[in-house]
Amino acid sequence: MNTLIDVSASGAVRLGPSVVCDGFLRDACVRVQTHVHTDHMDSFDSSKGFQEVLMSEATHRLLVAERNADLPYRSNVRAVPHGVPQPADGCSVTMLPTGHMLGSVQVAVDAPQLPRLGYSGDFSWPLEVVNEVDALVLDATYGSPHDVREFTQEECEMRFLELVGGLLRSGPVHVMAHRGTLQRAIQLLNGNVDVPIVASRRTSREIQVYRQCGYAIGGVVEEESGEGRFVLRGNRFVRLYGTGDRLPVDLNRGSSLKLSAFFSRGDDPVTEYSDRSFGVALSNHADFNGTLEFVKASRARYVVTDNTRGGKAVELAMALWQILAVHAVPSSNFDGLHWGQ
Ligand SMILES: [Zn+2]
Ligand SMILES: [Zn+2]
């Protein structure tokens, strides 16, 4: 790894000598947890044991709901407010929201005698505020110039609702999505479909956290409850599957919808896999143009593109140089491609 900023093969983002984001490095005393998606949670338990861990209030609540462990009682794990510099191991850490999912943040680190260092985390675009930094580690999930969406997220939402409405006529609809996107789907479905929405206890617990954080999300029926089992025997329901939920093995009835940023045509948010299975590009990730806008707003003069998550780091570094004349390199690890969340 480079010494100042880089990303390790396991996804740990180094910001100077003291701070690491979304991973564990033995010599860094401080970990910042940008959000709870699995590809950002590597070695969290090691960090909990050895490091000072900073995160947003909402991320803290989500982790407590998910892990139900000793987190609330640990003095080395701190929930911190947005935009307020936090002293940590001789430097100062500032977090701002990124609109990617509940609790997600971007990070800036000020340390004596060092340029201001930043990590974008996963982000959507547009954003109201971006940390201005000198050097930036940038998420490269949609870092290819081909990753341009010609449709808006509002169009995606409409197509999603139309599709669910149509498919419900011939049976139940199974919806799969990552955390954050799934909650967005529930908000859309509430009041727009007149069938019960069924989810696991785990997803239902997460929805409680969203509500505590001010989101108006209606109820779901827990699949393990008596009502849930009754509804699932029938033919009219939407069933949700989030991270960690067991996916349907055998869909002998109804149809399935996968919500992810993937799209096969830039002008169409819906991908038809068969007449019973579809993908909808409902996403809280900026596309390529949004990624360029983020870099412009950050005013970074030097950018390291994250080569661990998504695999577009080389293309993105080239594009940043060609389009924005910003000095950019992919992070030094070249192994391991993961499906970005
Ligand atoms: Zn994410
Ligand atoms: Zn990610």
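This is a short walk through a predicted model, going from its open sheet to a helix pair and then to a few unusual backbone spots.

**Stop 1: the sheet**

Start by selecting the strands of the open sheet, seven in number, and colour them in the order 7-8-9-10-11-19-20. The pairing is mixed. At the edges you will find strand 7 and strand 20 (327-330), each with a pairing partner on one side only. Look along the sheet and you can follow the twist, which averages 20 degrees from one strand to the next.

**Stop 2: strand 9 and its neighbours**

Now pick residues 105-110, which make up strand 9. Is this strand enclosed or open to the outside? Five of its six residues are buried, so strand 9 is largely enclosed by the rest of the structure.

Add strand 8 (91-97) to the selection. Strand 8 and strand 9 are antiparallel, with six bridges between them. To find one bridge, click on Ser92, whose partner in strand 9 is Asp110.

On to strand 10 (117-119). Strand 9 and strand 10 also run antiparallel, joined by three bridges. One to display is Val107 with Tyr119 of strand 10. These two strands form a hairpin with six residues between them, and in the turn you can stop at Gln113, where phi is positive at about 65 degrees.

Keep Tyr119 selected and bring in strand 11 (135-138). Which residue of strand 11 is the bridge partner of Tyr119? It is Val137. Here the sense is parallel: strand 10 and strand 11 pair that way over three bridges. Tyr119 is thus a handy landmark, with Val107 as a bridge partner and Val137 as another.

While the sheet is still on screen, show helix 8 (residues 313-324), which packs on the sheet and touches strand 19 and strand 20. Compare directions here: helix 8 makes about 175 degrees with strand 20.

**Stop 3: a pair of helices**

Hide the sheet and select helix 2 (residues 57-67) together with helix 5 (residues 201-212). Their axes are 9 Å apart and the packing angle is about 155 degrees. Angles over 145 degrees count as roughly antiparallel, and therefore helix 2 and helix 5 are described that way. Their crossing is right-handed.

Show side chains for the contact: Arg61, Leu62 and Ala65 come from helix 2, while helix 5 supplies Arg205, Glu206, Gln208, Val209 and Gln212. Coloured by class, this contact shows three nonpolar, two polar and three charged residues.

**Stop 4: unusual backbone spots**

Before you zoom in, recall that most residues other than glycine have a negative phi, and most peptide bonds are trans.

Go first to Asp89, in the loop between strand 7 (86-88) and strand 8. Asp89 is not a glycine, yet its phi is positive, about 45 degrees. Is Asp89 buried, exposed or partly exposed? With 16 other C-beta atoms within 10 Å, Asp89 is partly exposed.

Next, centre on Arg299, in the loop that runs between helix 7 (288-298) and strand 19 (302-305). Arg299 has a positive phi near 60 degrees. This residue counts as partly exposed, with 15 C-beta neighbours inside 10 Å.

Finish at Pro126, in the loop between strand 10 and strand 11. Display the peptide bond leading from Trp125 to Pro126: this bond is cis, with omega near 5 degrees.

Technical notes. Residues are numbered from 1 along each chain as its sequence is written. Chains are lettered from A and ligands numbered from 1 in the order in which they are written. This is a predicted model: local features need pLDDT of at least 70, side-chain atom pairs count only at pLDDT 80 or more; totals for chains, interfaces and linings use all residues. Helices (H or I, at least four residues) and strands (E, at least two) are DSSP runs, numbered from the N terminus. A residue is buried if 20 or more other C-beta atoms lie within 10 Å of its own, exposed if 12 or fewer, and partly exposed in between; C-beta atoms are placed from the backbone. Two strands pair if DSSP finds at least two bridges between them. Axes are lines fitted to C-alpha atoms, for helices over the stretch in contact, and angles run from 0 to 180 degrees between N-to-C directions. Two residues are in contact if their C-beta atoms, placed from the backbone, lie within 7 Å. Angles under 35 degrees count as roughly parallel, over 145 as roughly antiparallel, 65 to 115 as roughly perpendicular and the rest as oblique. A crossing is left-handed if the near helix is turned anticlockwise from the far one by less than a right angle, and right-handed if clockwise. Ala, Val, Leu, Ile, Met, Phe, Trp, Tyr, Cys and Pro count as nonpolar, Asp, Glu, Lys and Arg as charged, and the others, Gly among them, as polar.
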